[in-house]
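Biologist: Could you pick a single part of this model and take me through it slowly, with enough of the surroundings that I know where I am? Which part would you choose, and what does it touch?

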Amino acid sequence: MIASDLQSGVERLGEMIAAASTIVPFTGAGISTESGIPDFRSPGGLWTKYRPVLFDDFVASQEARDESWRSLFATEEIFTAAKPGRGHRALASLYRAGKIPAVITQNIDNLHQASGFASDHVIELHGNATYARCLDCHEVYELDWVRTLFQRTGRAPVCEKCGGLVKSATISFGQAMPKHAMHQATELVGDCDLMIAIGSSLVVWPAAGFPLIAKDAGARLVIINRDPTNQDDIADLVIRHDIGETLSPFVDNWR
């Protein structure tokens, strides 16, 4: 059902939240645009300015690794300046109230953690842009360490521990999805009775399959997104309005 207006949509959403015992949010780039982070695919999005580096190219080419880190450092200020928006804060309120056990996100911006979610309760399908990791031994590095070496040498650094390639802890095109996160997400959506997909175009697979898994398991599905998605027809409620405005009634008001 597509909400005819924002008020009726919010009222219906509130009823569904009240009736649910276990809610699993699934968030995409749209929840973070209010925080000043452009999405990736839209006109003016990050990918129109910075070409994404494929994983195989990153592994094979020093030039590609250097370009990957140049792009990250060029956009880093956008991420570091961002604060959780009303959508993040509303979900954190429901999390504190015990309605949400964890959030599944396609985002790499760390804003769910900043809003109050424990790190263990943020299932990051596409990784995290706020730190780096060795691809071989998985040693974790702060971005400041990478930046210092990159500015000194002009080249992407290698791991001090094993000599492996150091990459931002994000999942690039062509890189395998994180098995543990995918397993956690699959279990969560199979056990919830309400799934709320927020700000996702639901076109990136396999992540886009989670609302379908939830529906197949008997959960109700809400989609909150500015534009139509190809899963609107299976949703119990579709709200095509601003995410922050839609979720603001639930910020710090849920007990």
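Modeller: One term before we start: two residues are in contact when heavy atoms of theirs come within 4.5 Å of each other. With that cut-off, residues 24 or more positions apart supply 68% of the chain's contacts that have a separation of 6 or more. Keep in mind that what you're looking at is a predicted model.

Quick orientation first. The chain is built from 10 helices and nine strands. Its radius of gyration is 19 Å, close to the 18 Å that the globule rule gives for 255 residues, so the chain is as compact as a globular protein of that length. The C-alpha trace spans about 55 × 35 × 30 Å along its principal axes, and 51% of the 255 residues count as buried. On the outside, the chain exposes about 11900 Å², with carbon and sulfur atoms supplying 50% of that.

The part I'd pick is helix H7, residues 143–153. Its buried residues are Leu 143, Trp 145, Val 146, Arg 147 and Phe 150. What do the buried residues of H7 pack against? The answer is one helix and three strands: H4, S4, S5 and S6.

Let's go to the H4 side. Helix H4 covers residues 62–81 and includes Glu 76. Glu 76 reaches over to Leu 143 and Arg 147, if you set aside residues up to four places away in sequence. Both of those belong to the buried set of H7. Glu 76 counts as buried as well, at 15% relative accessibility. Phe 150, another buried residue of H7, joins Trp 69 and Phe 73 in a cluster linked by ring pairs.

Trp 69 also leads us over to strand S6. Ser 168 sits in that strand, which runs over residues 166–170. Leaving out residues up to four places away in sequence, Ser 168 touches Trp 69, Leu 72, Tyr 131 and Ala 132. So Trp 69 is a handy landmark, because the ring cluster with Phe 150 and the contacts of Ser 168 both include Trp 69. Is Ser 168 buried or exposed? It counts as buried, at 10% relative accessibility. If you want a sense of distance from there, the C-alpha atom of Ser 168 is 33 Å from that of Asp 252, a residue 84 places away along the chain.

Now the aromatics more broadly. A search of the whole structure turns up five aromatic pairs. Phe 26 and Phe 210 make one that is tilted, 6.5 Å centre to centre with 55° between the planes. Phe 26 belongs to strand S1 (residues 23–27) and Phe 210 to helix H9 (residues 210–216), so this pair ties together parts that are 184 residues apart in sequence. Both rings are tucked away: Phe 26 is buried at 0% relative accessible area, and Phe 210 is buried at 1%.

Another pair takes us back to H7. The rings of Tyr 141 and Trp 145 are stacked, because their centres are 4.1 Å apart and their planes meet at 20°. Tyr 141 counts as buried, with a relative accessibility of 7%. Trp 145 also counts as buried, at 19%; the cut-off for buried is under 20%.

What about the stretches around H7? Just after the helix, Gly 154 has a positive phi of about 75°. On the other side, His 138 is in the loop between strand S4 (127–134) and strand S5 (140–142). Its phi is near 70°, a positive value in a residue other than glycine, and His 138 is partly exposed at 49% relative accessible area.

There's a similar backbone detail elsewhere. Asn 110, in the loop between strand S2 (103–105) and helix H6 (111–115), has a positive phi of about 70° although it isn't a glycine. Asn 110 is partly exposed, with a relative accessible area of 27%. And if you're browsing the backbone anyway, look at the loop between strand S7 (194–198) and H9, where Pro 206 has its place. The peptide bond leading from Trp 205 to Pro 206 is cis, with omega near 10°.

Terms used:
Residues numbered from 1 in each chain as written. Predicted model: local features only at pLDDT ≥ 70, side-chain atom pairs only at ≥ 80, totals over all residues. Heavy atoms only, no water. Helix = DSSP H or I, 4+ residues; strand = E, 2+ residues; numbered from the N terminus. Rg over C-alpha atoms; globule rule 2.2 N^0.38 Å. Buried < 20%, exposed > 50% of the residue type's maximum accessible area, 1.4 Å probe, protein only. Areas by Shrake-Rupley, 256 points an atom, 1.4 Å probe, with all protein chains shown as cover. Phe/Tyr/Trp six-rings, centres within 6.5 Å; stacked < 30°, edge-to-face > 60°.
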